[in-house]
Amino acid sequence: MDLTDTIELPAHTDPPATVPVGAGLSIFDPVFLGIDEFGQAVYLPMIYRNILIGGEPGAGKSSLLNTIVGHAALCPDVRLCLLDGKQVELGLWEDACDVFVGPDIDHAIRTLRRVQTVMDNRYTFLKARRRRKVGPNDVFGQILVACDEIAYFSATAGDEKTQKLFAALLRDIVARGRAVGIIVAAATQRPSSDIIPTSLRDLFAWRFAGRCTTDVSSDIVLGHGWAARGFSSNSIDPNNQGAGFLIAEGGIPALVKAAYMTDADIIRVADYAAWTRHRSGLVAPAERHAAKAAA
């Protein structure tokens, strides 16, 4: 069955308390990212990894981030924590997530502190059971922390102290969160050291460089030296949105055309994900909106 399969309802009845059969996805399943230059499907294993997405405005960064969030939203073993300084790039997923942070750096810092506390508690759990990482059968689910345009929180909003605190908290989560099922997917236009500290940028195992205006900007995303070896996202046609170079730790950049979801596609998937999550108790809308109001 696919996402369009639903339970047959008699006319004029309330929706059932059960959840329809859905995608059957797990965050332990690789995420469909798009196709490579040979037309072959590209799947991205996200569990125990983090991804940094860079590129000029209009390069397709937010589209790729939405694809990753869409997979996670359809996974019953994932909680969603979304940060979006513009509110509209990830805002369509708000009803399906546990926490949605808009242009409020104080709320962003409080949210990252909560994630950090969860992370520490999970490490205490693993230590007590003489284990080193979580697995698919653990009682608690994984967490996706998705941040669109890091620069808003790390270089624009608030003062220098709060910006540095945000970067430090995010760095700790990226560095230590993987083993306890906390995944970070972040996007920004140019992850230079004034936007993202090098100590944070270098921790991302996966990197995607959409169209960049210069070889230097491409190297900032992929790592220094790749442009000189012929792997520069500056060579990508500006009209080819969603195309970019994907690289993993120790790998070689591969040209990928990321999948694209229209706003209508996102709304359909987000509404379905929200309904299934509310019905299953994964997201309690009343409690989430009360927490949002209190924040």
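**Exercise 1. Identify which residues form the nonpolar surface patch, and place them in strands.**

Step 1. F32, I35 and Y43 form the patch, with about 290 Å² of accessible area together. Patch residues have over 30% relative accessible area and no salt bridge (a side-chain nitrogen of Lys or Arg within 4 Å of a carboxyl oxygen of Asp or Glu). Nonpolar side chains are joined within 5 Å. Areas are Shrake-Rupley values with a 1.4 Å probe; for residues, only the protein chains shown count as cover.

Step 2. This is a predicted model: local features need pLDDT of at least 70, side-chain atom pairs count only at pLDDT 80 or more, and totals for chains, interfaces and linings use all residues. Residues are numbered from 1 along each chain as its sequence is written, and side-chain values use heavy atoms, leaving out hydrogens and water.

Step 3. Y43 sits in strand β2 (residues 41-44). Strands are DSSP E runs of at least two residues.

**Exercise 2. Trace the pairing of β10.**

Step 1. β1 (residues 31-36) and β10 (residues 254-258) run antiparallel, joined by three bridges. Pairing takes at least two DSSP bridges.

Step 2. I35 stands opposite K257.

Step 3. β9 (residues 243-247) also runs antiparallel to β10, through four bridges. There, A243 has K257 as bridge partner.

**Exercise 3. Find the largest nonpolar core.**

Step 1. A core joins buried (under 20% relative accessible area) Ala, Val, Leu, Ile, Met, Phe, Trp, Tyr and Cys through side-chain atoms within 4.5 Å.

Step 2. The largest has 42 residues; L82, W93 and L144 have the most contacts inside it.

Step 3. Apart from that core lies another, of 34 residues, including L52 and I196.

Conventions: Buried < 20%, exposed > 50% of the residue type's maximum accessible area, 1.4 Å probe, protein only. Patch = residues over 30% accessible without salt bridge, like charges linked within 9 Å, V, L, I, M, F, W, Y side chains within 5 Å.
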